[in-house]
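Me: Please take a close look at the second largest cavity in this model and describe what surrounds it. Then set it against the other spaces, the charged pairs and the surface of the chain.

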Amino acid sequence: MTAQTEQDLTLLRDALGPLRDREQVAERLLESSLKHSFDPETELDWEAPVEEGKWFWPPELVSLYDTPMWRRMSEEQRMDLARHEATSLASLGIWFEIILMQLLVRHIYDKSVTSKHVRYALTEIADECRHSMMFARMIEKGGAPAYPVPRIYHNLARVLKTVSTTPGSFAATLLGEEILDWMQRLTFPDERVQTLVRGVTRIHVVEEARHVRYAREELRRQMVTAPRWEQEFTRLSCGEAARVFSVCFVNPRVYENVGLDRREAVAQVRASGHRREVMQSGARRLTDFLDDIGVLRGPGRRLWKSSGLLA
């Protein structure tokens with residue numbers, strides 16, 4: 001019996017109860033991947049025309065919804081803003097997934113290449129490759145420009161993913177996946193939304209459910225077994241990642257590109273009670289989990305509060 005197997009068979013517990021065996025979790029996720037994986041290139045009809053009168057994103061999830069500026073906008077301008085915001089979110093998703101793929105490769109670098117845990121990580125990397133290409137095609141289909149994150153945060157991410165601890169990597173993974181997942185679960189059954197966008201979000205929701213399970217199980221394990229300094233650093237880096245995520249969630253250039261005053265739009269979004277509730281609702285399942293396993297403590301919790309994602 002290897003040392004790794006012995007460690008995995010040791011009963012570990014956290015506030016949520018006993019941790020599951022790492023190999024058993026990976027085996028179930030691999031079985032699910034075989035049954036419920038998609039090739040977006042063939043699964044979606046990329047040649048179908050854009051549907052007139054349909055949204056690219058549910059209006060209630062658009063950043064300016066129910067603000068004074070929103071009430072002054074025409075329906076056409078509202079739908080155009082939704083189209084640009086959908087593109088902005090797809091661009092953000094690609095950025096996060098490229099970071100995630102690098103973090104996963106780092107995670108498995110020193111682990112047994114024959115383990116199911118590593119095999120599932122490689123399966124997830126393959127999923128994320130397809131997702132990034134799918135989002136890129138959706139951006140092209142929508143006709144709005146791609147919206148890269150500001151250069152300062154693009155470069156800050158280089159630092160974060162270089163110094164990130166293993167639990168920090170999985171905490172950041174969940175941050176990038178769970179809030180968008182919550183929004184996409186509202187999007188794919190919404191018949192007001194473009195069929196292609198609904199198809200993209202459906203695929204992403206189904207496959208991301210496995211990614212979230214993998215990250216949650218591993219983060220729980222890491223927060224139990226990591227040394228104290230690593231746990232504390234994870235709390236700080238996770239809080240900073242939440243702050244960056246909230247800033248980058250919608251690129252402010254979307255407002256200029258639909259003919260709105262950028263400063264006024266940003267100010268109204270920040271003052272919007274509806275928007276605050278949307279973002280906190282999207283993050284609530286994640287923040288409850290992180291709180292339960294001891295991630296939301298000390299200065300890191302204050303960073304989460306400053307991000308607007310934690311009430």
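**The second largest cavity and its setting**

Reply: In this predicted model, the lining of the second largest cavity draws at least two residues from each of α5, α6, α8 and α9. Helix α5 gives the largest share, three residues. The space enclosed is about 90 Å³. Its lining consists of Trp57, Ala86, Leu89, Ala90, Phe135, Met138, Leu180, Gln184, Thr201 and His204. By class, seven of these residues are nonpolar and three are polar, with no charged residue in the lining.

This cavity belongs to a set of five cavities of 30 Å³ or more in the structure. The largest of them holds about 360 Å³ of space. A total of 29 residues line the largest cavity, and Phe96, Ile99, Leu103, Ala172 and Ala241 are the ones nearest its centre. The helices α5 (75–108), α6 (116–142), α7, α8 (166–187), α9 (195–225) and α10 each contribute at least two residues to that lining. The lining of the largest cavity contains 17 nonpolar, seven polar and five charged residues, whereas the second largest cavity has no charged residue in its lining.

The open spaces can be described in the same way. The largest pocket has a volume of about 720 Å³. Two or more residues of its lining come from each of α10, α11 (253–257), α12 (262–271), α13 (273–292) and α14 (298–307). There are 28 lining residues, with Ser246, Val247, Val266, Val269 and Arg270 nearest the centre of the pocket. They divide into 14 nonpolar, seven polar and seven charged residues. Helix α10 is thus named for the lining of the largest pocket and also for that of the largest cavity.

Next come the charged pairs, several of which involve the helices already named. Side chains of opposite charge can pair when their charged atoms come close. The structure has 24 salt bridges, counted with a cut-off of 4 Å between a side-chain nitrogen of Lys or Arg and a carboxyl oxygen of Asp or Glu.

One of them joins glutamate 217 to arginine 20, with 2.9 Å between the closest N and O atoms. Because glutamate 217 belongs to helix α9 and arginine 20 to the loop between β2 (17–18) and α2 (22–35), this pair ties together parts that are 197 residues apart in sequence. Glutamate 217 has a relative accessible area of 11% and is buried, while arginine 20, at 40%, is partly exposed.

Helix α6, which helps to line the second largest cavity, also takes part in a salt bridge through arginine 137. The partner of arginine 137 is glutamate 41, and their closest N and O atoms are 2.8 Å apart. Glutamate 41 sits in helix α3 (residues 40–43) and arginine 137 in helix α6, so the bridge ties together parts that are 96 residues apart in sequence. Both partners are partly exposed: arginine 137 has a relative accessible area of 26%, and glutamate 41 has 42%.

A salt bridge within a single helix is found in α10. Glutamate 240 pairs with arginine 243, and the closest N and O atoms are 2.8 Å apart. The two residues are separated by about one helical turn because they lie three residues apart in helix α10. Arginine 243 is partly exposed at 25% relative accessibility. Elsewhere, Asp127, Arg130, Glu207 and Arg210 form one network through salt bridges that share partners.

On the surface, Val159, Val163, Trp229 and Phe233 make a nonpolar patch of about 390 Å². Two or more of the patch residues come from each of α7 (151–163) and α10 (228–248). Tryptophan 229 is placed in helix α10 and, with a relative accessibility of 57%, is exposed. Helices α7 and α10 also appear among the elements lining the largest cavity.

Past helix α10, asparagine 251 occupies the loop between α10 and α11. Asparagine 251 is buried, at 9% relative accessibility. Between the C-alpha atoms of asparagine 251 and threonine 166 the distance is 29 Å, and the two residues are 85 residues apart in sequence.

To return to the part asked about, the second largest cavity is a space of about 90 Å³, with α5 as the largest contributor to its lining.

Notes: Residues are numbered from 1 along each chain as its sequence is written. This is a predicted model: local features need pLDDT of at least 70, side-chain atom pairs count only at pLDDT 80 or more; totals for chains, interfaces and linings use all residues. Side-chain values use heavy atoms; hydrogens and water are left out. Patches are made of residues with over 30% relative accessible area and no salt bridge: like charges are joined within 9 Å, nonpolar side chains (Val, Leu, Ile, Met, Phe, Trp, Tyr) within 5 Å. Accessible areas come from the Shrake-Rupley method with a 1.4 Å probe; for residues, only the protein chains shown count as cover. Helices (H or I, at least four residues) and strands (E, at least two) are DSSP runs, numbered from the N terminus. Buried means under 20% relative accessible area, exposed over 50%, partly exposed in between (1.4 Å probe, protein chains only). On a 1 Å grid over the protein atoms alone, a cavity is a set of points where a 1.4 Å probe fits but cannot get out, and a pocket is an open set with protein on both sides within 12 Å along at least five of seven lines; lining residues have an atom within 4 Å of a point. Grid points are joined across faces, edges and corners, and a volume is the space filled by probe spheres set on the points. Ala, Val, Leu, Ile, Met, Phe, Trp, Tyr, Cys and Pro count as nonpolar, Asp, Glu, Lys and Arg as charged, and the others, Gly among them, as polar.
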